[in-house]
Amino acid sequence: MIETYIIEQLAAVARYGTLSKVAEELHVSQPALSRSMQKLENELGVKLFERSKNRISFNKLGELAAQHAQVVMAAHNEMIRAVQEADRRSHTFSYGSIAPAPMWELTPVLSQLYIGMTVSADLKETDDVLIKGLDDGTYHVIILTHPLVAETYFNTEFLHEKLSMLLPKSHRLAKRELLSLADLAGENILIHSKIGFWYSLCKEKIPNATFLEQNDITALREIVKTAELPSFITNISATPLVIPKNKVAIPLSDEEVDVTFYCVCKKAQQKELATLFSALHFQGGQR
C-alpha cells in the first residue's frame, strides 16, 4: 500500500513543479523527496519521471499518477475536515441571527440548556446567508424577522423589538412625541456597526445622514452619554439606567422598525429542540 505522505508529495510535485519548491513547502529535504518518488516508482513498477542532471519532470504515466494523487489528497483532506467538523458540531450549539437583540436574549438561555457545550453565534445582515447556514447544517437555529413558510421549517415567535431615537433634550426634534426615520434626514447619528439588518435599513430610510460608527458597544454607550448627537435605542434595552438624564427617547412610527423575530429550525430537528422552544416561550411570558 502506498503511504499517504508519498501521495501527498506526488500531488505537490504536480502543484509546484519543482522538487526544490515542494521540499520548501512540505519541509522535507530534496534527497528525501527524491527517495520518496523512487520508492513510488518501485511500488507501482513503472517509471513516472524523466530525469536529467538538474531536472525531473513527469512522463505521461507520471501525469496520470499525479492527477489521481490530487484526487486522493482532496478526498483525504475532506474526510479530515468532515470528521473534525462533525466533532465540533457535537460539542457546539451554533445559531445565526439577523439582529443583535435576539442574541442578547438567546445566548444565556442556550448556555443554561446546553451545559458543557460551546454556544457559537453569528450576526448576519441578510436572510439568505442565514437560511443557507440552516440548510447546510452550519446552524441549529436561525433568527429572522419573518417565519419561513416552507414545510421543511419549524417557526416559533420569539421576540419583539421596536426602535426609538435617543436625542439630546436640546435637539430640534426633542419636543416631538413621535418621529419617523425620514425626520432625521441630514443628521449626524451615532450607531453601532454590528447591528445586522438594522444597519442597511437605517441607511436606506434616513436620507443624507452621516453615520458615526463605533465597533465597541461599551465605548458607544459611553459616547452616547455625553455626545450631543442622536442615537438609537430599543425596547429591549430602554431602561432608566441606559437613558442619560440629558437625553430623551422618542418612539419611531415607521413600520419597519417595529419587528417580531422568529426562531427557525429544520422541521426534522423540532423534537430535538423542543426544550429550547419551551424555554423561549417561557422567557417571552416573563417580558
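**Exercise 1.** Determine which residues His192 is in contact with, leaving aside its neighbours within four places in sequence, and describe the setting of its side chain.

*Solution.* Taking contact to mean heavy atoms within 4.5 Å, one finds Tyr199, Gln214, Asn215, Asp216, Ile217 and Leu220 around His192, once its neighbours within four places in sequence are left aside. The model is predicted, so that local features need pLDDT of at least 70 and side-chain atom pairs count only at pLDDT 80 or more, while totals for chains, interfaces and linings use all residues. Residues are numbered from 1 along each chain as its sequence is written, and side-chain values use heavy atoms, with hydrogens and water left out.

Next, place the residue: His192 belongs to strand 7 (residues 188–192), where strands are DSSP runs of E with at least two residues, and helices are runs of H or I with at least four, numbered from the N terminus. His192 is buried, at a relative accessible area of 12%, buried meaning under 20% with a 1.4 Å probe and protein chains only.

Finally, the side chain of His192 reaches two backbone oxygens, that of Asn215 at 2.8 Å and that of Lys194 at 3.4 Å.

**Exercise 2.** Establish how the buried residues of helix 2 are arranged about its axis, and what covers them.

*Solution.* Begin with helix 2 (residues 19–26), in which Leu19, Val22 and Ala23 are buried. Seen down the axis, the buried residues fall within an arc of 100°, so they line one face of helix 2; the arc is that of the directions from the helix axis to the C-beta atoms. Their cover includes helix 1 (4–16), helix 3 (30–44) and strand 2 (56–58).

Notes
Buried means under 20% relative accessible area, exposed over 50%, partly exposed in between (1.4 Å probe, protein chains only). A polar contact is a pair of N or O atoms within 3.5 Å; within protein, one must be able to donate a hydrogen and the other to accept it, and residues adjacent in sequence count only if both atoms are side-chain atoms.
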